[in-house]
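Welcome! Take a moment to turn the model around on your screen before reading on.

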Amino acid sequence: MDDKIRKFMYGRYGPDELYKFQLILYFITIFIGIFVRSKVLSVIQLLLIISIIFRPMSKKIYKRSDENVLYLKIKNNITKPFINIKRNIKDKNHIYKKCHKCKTTLKLPIPSKRGIKHAKCPHCGNRVTLFTLKQEKIEVITNRGKK
C-alpha cells in the first residue's frame, strides 16, 4: 500500500508551509462556523478544502513553490518585529535590542540596577538606549558566627 502511495505522489508537489497554514485556517473557520452561520464562511471553507486537497497533488511544482515562497515572505514580514520580544521572554539573562541605525540585534547582559542604560553598537558605533525595569535580586549573607 505504501508503495502505491509513493508511486502516486512521485512528481507531485506535496505538503508545505502554506498547506499547513491553510489546514489551520480551515479548522479555525469550522470552529467559527459553529457559532456563526454565514454563506460567505461556507464559501471560504469550500475554497480552502479544495485548495487543501488539490494543491499538494499538483504537478506544477515551480508554481506551487513560488506560492509557498511568497507566503513565507509575508509571514516573515509579519513576525519579524516580534522576534526580539520572543527572545526576551525566553532568555532571562540577556536583553535583545535592535540598533536603529544598522538594524543589528544586540545581545546585552541584564543591568544590575533599574533605570536608563546605554550601550554602543559594535558595527556602527551608534548609542543604543535600554530602559530596565527589573532589578536583580541581591543576596545578603550575614555573619552570625561564633566570636
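What follows is a short tour from the helices at the start of the chain to the strands further along. Please keep in mind that this is a predicted model.

**The opening helices**

Let us begin with helix 1, which spans residues 2-9. The number of its eight residues that are buried is zero, so helix 1 lies largely in the open. Just after helix 1 comes Gly11, whose phi is positive at about 85°.

Helix 2 covers residues 17-35. Phe35 belongs to this helix and is exposed, with a relative accessible area of 62%. Phe35 also takes part in a nonpolar surface patch of about 720 Å², together with Ile24, Ile28, Phe31, Ile32, Ile34 and Val36.

**Salt bridges**

Side chains of opposite charge can pair when their charged atoms come close. How many salt bridges does a search of the whole structure find? The search finds five, and three of these pairs are set out below.

| Pair | Distance, N to O |
|---|---|
| Asp16 and Arg55 | 2.9 Å |
| Glu17 and Lys20 | 3.6 Å |
| Glu67 and Arg55 | 3.1 Å |

Arg55 is a good residue to look for, as it appears in the rows for Asp16 and Glu67. Where do Asp16 and Arg55 lie? Asp16 is in the loop between helix 1 and helix 2, while Arg55 is in the loop between helix 3 (39-54) and helix 4 (61-79), so their salt bridge ties together parts that are 39 residues apart in sequence. Is Asp16 buried or exposed? Asp16 counts as buried at 9% relative accessibility, and Arg55 counts as buried at 7%.

The other partner of Arg55 in the table is Glu67. Glu67 lies in helix 4 and Arg55 in the loop between helix 3 and helix 4, so this pair ties together parts that are twelve residues apart in sequence. At 30% relative accessibility, Glu67 counts as partly exposed. Arg64 joins in here too: Asp16, Arg55, Arg64 and Glu67 are linked in a network of salt bridges.

The pair of Glu17 and Lys20 sits within helix 2, where the two residues are three apart and thus separated by about one helical turn. Glu17 is partly exposed, with a relative accessible area of 32%, and Lys20 is partly exposed as well, at 46%.

**The strands and the core**

Now move along to the strands. Strand 3, made of residues 115-120, pairs with strand 4 in the antiparallel sense over six bridges. One residue to pick out is Lys120, whose bridge partner in strand 4 is Arg127. Six residues lie between the strands in this hairpin, and Gly125 there takes a positive phi near 80°.

Which residues form the largest nonpolar core? This core has eight: Ile95, Cys99, Leu106, Leu108, Ala119, Cys121, Val128 and Leu130. At least two of its residues come from strand 2 (105-109), and at least two from strand 4 (127-132).

Ile95 makes a handy landmark for exploring this core. Setting aside neighbours within four places in sequence, Ile95 is in contact with the core residues Leu106, Leu108 and Leu130. The other contacts of Ile95 include Asn88, Lys107, Ile110, Pro111 and Thr132.

Technical notes: Residues are numbered from 1 along each chain as its sequence is written. This is a predicted model: local features need pLDDT of at least 70, side-chain atom pairs count only at pLDDT 80 or more; totals for chains, interfaces and linings use all residues. Side-chain values use heavy atoms; hydrogens and water are left out. A nonpolar core is a set of buried Ala, Val, Leu, Ile, Met, Phe, Trp, Tyr and Cys residues joined through side-chain atoms within 4.5 Å. Buried means under 20% relative accessible area, exposed over 50%, partly exposed in between (1.4 Å probe, protein chains only). Helices (H or I, at least four residues) and strands (E, at least two) are DSSP runs, numbered from the N terminus. Contact means heavy atoms within 4.5 Å. A salt bridge is a side-chain nitrogen of Lys or Arg within 4 Å of a carboxyl oxygen of Asp or Glu. Two strands pair if DSSP finds at least two bridges between them. Patches are made of residues with over 30% relative accessible area and no salt bridge: like charges are joined within 9 Å, nonpolar side chains (Val, Leu, Ile, Met, Phe, Trp, Tyr) within 5 Å. Accessible areas come from the Shrake-Rupley method with a 1.4 Å probe; for residues, only the protein chains shown count as cover.
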